[in-house]
Amino acid sequence: MDQLEARDWDIIVIQSYQHEADGTEPRSSYTGGDARFTEPEASVGYLLDYFAEHEPNADVYYYMPWATTKFYGSDTETGYHAMAKYTETTVPNLTGTNSGKSFAGIIPVGTGIQNARTTYFDALRFSSGTGSTALLKDPQNGLQYDSQHLSFGLGRYIAGIIVAETLIPQEMRKDSYVLPTVKDSPAVGELPQEYSVIGQ
């Protein structure tokens, strides 16, 4: 939390671990049994109170996670629906236990990634190339570069433009405001510009 106090923040974004949102994995295994972090509702309430105390003017957003192939294999739709239900029904009602601070909004990355999986993006399979680092791999498994993380070229591109479209206020979107295009991948090379159109 040192970074939180290092400067004044306008926006704070928090993200749940996928299985916190769909409720299929007990959190006690990695929280040390601390009651504040045993259930998602308790930990979010604690964090919102902390933000209310240390950054009372900051808007807090919930970053909706995506269903990963690590946990759902090829059946990401099941995981997505569980997380969508949590995001739509539980998240808007979560508030700080003492402060009453609530989320300013939801960044629907999970929905964007799941929508992209209905396109041919989900079928893309590229080689990672030689000498590429893990962070620069393009899709090896649809929109993910491994079984959990989003791919550099497409998955993270889609997540990034969803964040931008959610957080950049209309008054900052002047005539010159345009979304960036998908970046070429050092591992794969130039990507078709239609990827940008479909991604957006």
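Start at tyrosine 61: its bridge partner in β3 is glycine 105. Keep in mind throughout that this is a predicted model.

**Stop 1: the β2–β3 pair**

Select strand β3, residues 105-107, together with β2. The two strands pair in the parallel sense, over 3 bridges. You already have one pairing on screen, tyrosine 61 with glycine 105. Now add tyrosine 63. Which residue of β3 stands opposite tyrosine 63? Isoleucine 107 does.

**Stop 2: the other side of β2**

Move to strand β1, residues 11-15. It runs parallel to β2, and 5 bridges join the two. Pick out isoleucine 12 in this view. Across from isoleucine 12 sits valine 60 of β2.

Now colour β2, residues 59-63, by accessibility. Is this strand largely enclosed or not? Of its 5 residues, 4 are buried, so the rest of the structure largely encloses β2.

**Stop 3: the whole sheet**

Show the three strands at once. They form an open sheet in the order β1-β2-β3, with parallel pairing. β1 and β3 are the edge strands; each has a single partner strand, so one side of each has no neighbour in the sheet. Look along the sheet to see the twist. On average, neighbouring strands are turned by 35 degrees against each other, direction ignored.

Next, bring in α7. This helix packs on the sheet and touches β1, β2 and β3. Its direction makes about 160 degrees with that of β3.

**Stop 4: α6 against α7**

Keep α7, residues 155-167, and add helix α6, residues 109-116. Two packed helices are described by the angle between their axes and the distance between the axes. Here the axes come within 9 Å and cross at roughly 135 degrees. Are α6 and α7 parallel or oblique to each other? Angles over 145 degrees would count as roughly antiparallel, and 65 to 115 as roughly perpendicular. α6 and α7 are therefore oblique. Their crossing is right-handed.

Show side chains at the contact. From α6, select Val109, Gly112, Ile113 and Ala116. From α7, select Gly155, Ile158, Ala159, Ile162 and Val163. These two groups meet.

**Stop 5: the salt bridges**

How many salt bridges does a search of the whole structure find? It finds 2. Visit each in turn.

Select arginine 117 and aspartate 122. They form a salt bridge, with the closest N and O atoms 3.8 Å apart. Check the accessibility of each partner. Arginine 117 has 9% relative accessibility, so it counts as buried. Aspartate 122, at 30%, counts as partly exposed.

Then go to arginine 173 and glutamate 165. In this salt bridge the closest N and O atoms are 3.4 Å apart. Arginine 173 has 19% relative accessibility and counts as buried, because the cut-off for buried is under 20%. Glutamate 165 is partly exposed at 37%. Note that glutamate 165 lies in α7, which spans residues 155-167.

**Stop 6: zoom out**

Finish with the full chain in cartoon view. It holds 8 helices and 3 strands. Trace the chain along the sequence and the pattern reads α-β-α-α-β-α-α-β-α-α-α. Of the 200 residues, 41% are buried. Last, turn to contacts with a separation of 6 or more. Residues 24 or more positions apart account for 64% of them.

Conventions:
Residues numbered from 1 in each chain as written. Predicted model: local features only at pLDDT ≥ 70, side-chain atom pairs only at ≥ 80, totals over all residues. Heavy atoms only, no water. Buried < 20%, exposed > 50% of the residue type's maximum accessible area, 1.4 Å probe, protein only. Pairing = 2+ DSSP bridges. Salt bridge = Lys/Arg side-chain N within 4 Å of Asp/Glu carboxyl O. Axes fitted to C-alpha atoms, helices over the stretch in contact; angles between N-to-C directions. Parallel < 35°, antiparallel > 145°, perpendicular 65-115°, else oblique. Left-handed = near helix turned anticlockwise from the far one by under 90°. Contact = heavy atoms within 4.5 Å.
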